[in-house]
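Q: I've never looked at this one before. Could you show me how to read a few of its features?

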Amino acid sequence: MKKIFPIIIGLITLSLIGIIVIQVLWLKNMVLLRKEQVRHKIADATLAVGKELEQKKGSYSFRNNNIEDMAPNKFLNYLRPTRIGERFSAAELDSMIRRAFKAFELEDVKFEFGLARLLAGPSYFERQSANFVAEYSDTVNNYSSKFLLSPPSGSEGENLSESELLIVVVPDYKAIVYESLMWPIISAIIFTLIIIAAFYLTVTTMLKQKKLSEIKNDFINNMTHEFKTPLATISLAVDALKNDKVINDAQKLTYFRNIIKEENLRMNRQVETILKAALLDKQEVQILMRPMHAHQVIKEVADNFALQLEEKHGKAILNLNAENDYIEADEVHFSNLINNLMDNAIKYGKEDRPPVIIITTSSTQRSFIITMEDNGIGMAKETVKRIFEKFYRAHTGNIHNVKGFGLGLSYVKTMVEAHGGEIKVDSVLGKGSTFTIELPLKKMQTQPAVSPLPA
């Protein structure tokens, strides 16, 4: 599995990159094709207007009906073919171009135009739209289409009419291209994002499955170890009970029977822990909430660990400073979560230093706060992030006597949240850990005084 997993990830990554590259190339080619189509339509519309204007070019138009009264030197000037700029106004040319654009499905496209008179010297524009000069000078963003107006072959003004040039400019024609491709581009982006999301979900699912597989193996190993030790002890005790010397010694008989009973209870506790975790998964744990004084429960739990701490030459310091400790909680589960935190503080203590556990309480108007600080081995940042995960157990370096299934802190977090509270952890590797629990206070019109602690 370890060898196949990177190969699968690599293949999926290559496939994803290939699909994205194909999508990008497809979009790029589609944009280029649409640009070419838009340019062709603009050119065709300009050609259609130019052909229409050519039919008007080259014919004679008398400006004065009194030809007989004309001066001889002006008669030839009145007989020359008229120009398009003389026969059509700017508004008429605009209307003709607009009709042509509509015919070529460009009715919403803005344009500017100019009609230039080509002379022997510099050419000048006879007719032009308002923004023609500014748009015509921008050759980067705008597209210009030109048509040379010449009189039809065989017409009256052939070779006599002055040349004219029609120029149609479409500002920012690329925007027209992208606007026409808006939905295909959006669709391509959406499908690409869907593919990336599917890739991400696939990889994360595989990583989770890999992680669950490792957790399952660790859990089986821990469970085997936890059951193997009491079973071996029971087996030795049973063998000892077969010995005639033990059978005839009432004191030894009682001793070995007590060992069997204690190991049996230990196995039952382990089974209950596993079953409790299963119930938490199914959310079938029943929480019986009732008002109580938290200080009293904390004191009782701390007293239960007094013997263990004494054996390790350690101590528990209680700074129960909360002015109000009246909360609503399940007494069993609340006691268990404090028990689990203290058990961990002792379990992960330093071998060369007596464990010291400091439990401090405080209260605000709405919350009861418990802080449990130890001087143990502490945790790395990565461990702190995962410490509340089910079955997760921190690496303890050279400490090999730490036992359990990795369910304790997961249970603590679940119970704290079930009570409407929050739990946080702050830890420095090699310096110890601090757990902070914040629980809502019992809402009452008159708050009772802090509970008296037994001496």
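A: Sure, and let's begin with strands: two of them count as paired if DSSP finds at least two bridges between them. Keep in mind that this is a predicted model.

Q: Okay, so how many bridges join strand β8 to β9, and which way do they run?

A: Strand β8 (residues 356-363) is joined to β9 by 7 bridges, and the two run antiparallel. Between β8 and β9 there are 3 residues, and the pair forms a hairpin. To see the pairing on screen, find threonine 360, which stands opposite threonine 371 in β9.

Q: Which other strand does β9 pair with?

A: That would be β11 (residues 432-440), again antiparallel to β9 and joined to it by 7 bridges. Here you can look for phenylalanine 368, whose bridge partner in β11 is leucine 439.

Q: Is β9 mostly covered or mostly open?

A: Covered, mostly: of the 8 residues in β9 (residues 367-374), 6 are buried. Buried here means under 20% relative accessible area.

Q: Now for helices. Why do residues three or four places apart point the same way?

A: An α-helix has 3.6 residues a turn, so a step of three or four places brings you back to a similar direction. Try it on α4, where the buried residues are Leu93, Met96, Ile97, Ala100 and Phe101. Viewed down the axis of α4, these buried residues fall within an arc of 135°, so they line one face of the helix.

Q: What sits on the face of α4 turned away from that buried side?

A: You'll find the exposed residues Ala91 and Lys102 there. As for the buried residues of α4, what covers them includes α1 (4-56), α3 (84-87), β1 (112-118), β2 (124-128) and β4 (163-170).

Q: How far apart are the end C-alpha atoms of α4?

A: They are 20 Å apart, which agrees with the 20 Å that its 14 residues (90-103) should span at 1.5 Å a residue.

Q: And what about phi: what sign do most residues have?

A: Most residues other than glycine have a negative phi, which makes the positive ones worth a look. Just after α4, glutamate 105 takes a positive phi of about 60°. Aspartate 172 has one of about 45°; its place is in the loop between β4 and α6 (173-180).

Q: Where is histidine 313, and is it buried or exposed?

A: Histidine 313 is in the loop between α11 (306-311) and β6 (315-320), and with 67% relative accessibility it counts as exposed. Its phi is positive too, about 60°. Aspartate 172, by contrast, is partly exposed, at 40% relative accessible area.

Methods:
Residues are numbered from 1 along each chain as its sequence is written. This is a predicted model: local features need pLDDT of at least 70, side-chain atom pairs count only at pLDDT 80 or more; totals for chains, interfaces and linings use all residues. Side-chain values use heavy atoms; hydrogens and water are left out. Helices (H or I, at least four residues) and strands (E, at least two) are DSSP runs, numbered from the N terminus. The expected span of a helix is 1.5 Å times one less than its number of residues. Buried means under 20% relative accessible area, exposed over 50%, partly exposed in between (1.4 Å probe, protein chains only). The arc is that of the directions from the helix axis to the C-beta atoms. Contact means heavy atoms within 4.5 Å.
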